[in-house]
Amino acid sequence: MTEKLTISTEVRLVPPADSELVENQDWQRLSGAVQTISDWREMYMQYVAGPLTLPDKVLMFKRRAPMLGPAHRHGRFVLIVPIETRADVIVDQTFYRLGPGQALIIFPWQFHHFANFEGEDLTWLFMTFELKEEDGLAPLRNIPLTLNVQIVQNLITLTETYEARDASVAAVEQEIRLRFALVIQQILRQIQQQIKPTADKTEDVRSAAVPNLSLFESVARYLLDNMEEPISVDDVAECLAMSNSHLRERFRKQYGMSIGHYIRQVKMHHAMRLLSTTDLSVAQIASRTGFQSVYAFSRSFKRETEKSPRQFRDTIINE
């Protein structure tokens with residue numbers, strides 16, 4: 001099971017959105033429908049459990065403020081559709097710049113977080129769900145897509161049906177799942193059409209995007225390229241040719257967290273990946289994440305996760 005993982009960060013170019021699509025009446029109607037559904041805090045209060053068919057436990061909610069903070073992961077799929085405002089979605093160290101007219105599916109247990117929002121006023125639609133067999137969605141993994149008119153029209157119907165639903169009526173809940181399944185099928189077809197014209201191209205999308213790296217991307221690249229070394233804020237500041245204080249101020253202002261916390265977070269998330277996907281010893285993982293002792297690594301890991309490295313690995317094995 002032991003394997004040597006290659007640590008890298010990617011910056012992928014997202015296909016441009018259809019400007020006519022995001023300006024037409026259908027997009028405005030979708031925007032209006034999203035405004036009516038529940039905020040993410042209310043969504044959990046409205047959820048009613050019960051026997052469900054595939055896709056299971058469909059939940060829809062909106063976000064109206066930038067989602068800044070630590071990366072996290074969970075056991076559900078998430079379909080993200082920005083309605084207003086562009087931002088970076090970082091999934092397993094890959095950056096996707098998403099905006100209106102585009103979408104991305106995050107798979108269960110993928111680390112993800114958000115950064116570099118263009119403005120404070122935003123509307124993003126989130127649809128989370130469970131699936132017993134995820135192989136059918138494999139083509140959508142780590143592939144952003146450009147929405148078409150058919151997908152938008154079905155998203156409108158789905159969103160309006162979801163908001164008007166009566167959770168006590170099983171037929172309505174069934175309709176929501178069926179309509180959501182239709183949206184997923186259309187997205188799969190759209191992805192097949194989207195990647196077909198570029199299948200023969202060998203262009204490196206990373207190199208195409210590198211000249212315009214954001215501060216967040218530049219910091220992440222440095223951390224990932226030097227993962228096995230002890231890294232301080234001074235090290236990052238020197239690499240980026242700016243003062244320690246200026247880097248701290250800019251990072252906190254733009255991303256809502258201290259850069260010191262982000263450095264620890266990246267190292268701990270890499271440690272979680274190694275604990276989850278390899279049989280490397282805790283001592284080996286401590287070394288690969290730049291810690292000079294197992295004690296320091298274990299203490300830092302428990303502070304971030306509330307579990308020791310061995311407890312975390314046991315939890316993953318038993319899931």
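Which residues do ring pairs link into a cluster? I find Phe61, Phe114, Phe117, Trp124 and Phe126 joined in this way; rings of Phe, Tyr and Trp (its six-membered ring) pair if their centres lie within 6.5 Å.

I note that this is a predicted model, in which local features need pLDDT of at least 70 and side-chain atom pairs count only at pLDDT 80 or more, while totals for chains, interfaces and linings use all residues. Residues are numbered from 1 along each chain as its sequence is written, and side-chain values use heavy atoms, without hydrogens and water.

**Aromatic pairs.** I looked up the total and found 12 aromatic pairs in the structure. For Phe297 and Phe301 I recorded ring centres 5.8 Å apart and planes at 50°, so the pair is tilted (neither under 30 degrees, stacked, nor over 60, edge-to-face). Both Phe297 and Phe301 are buried (under 20% relative accessible area, 1.4 Å probe, protein chains only). They lie four residues apart in helix 12 (residues 294-305), and therefore about one helical turn separates them.

**Chain.** I looked up burial and found that 46% of the 319 residues are buried.

**Cavity.** I searched for cavities (points on a 1 Å grid over the protein atoms alone where a 1.4 Å probe fits but cannot get out). The structure holds one of 30 Å³ or more, and the largest has a volume of about 110 Å³ (the space filled by probe spheres set on the points). Its lining (residues with an atom within 4 Å of a point) comprises 13 residues, with Gln93, His113, Tyr262, Val266 and His269 nearest the centre. Helix 10 gives the largest share of this lining, four residues.

Note on methods:
Buried < 20%, exposed > 50% of the residue type's maximum accessible area, 1.4 Å probe, protein only. Helix = DSSP H or I, 4+ residues; strand = E, 2+ residues; numbered from the N terminus. 1 Å grid on protein atoms, 1.4 Å probe; cavity = no way out; pocket = protein on both sides within 12 Å on 5 of 7 lines; lining within 4 Å.
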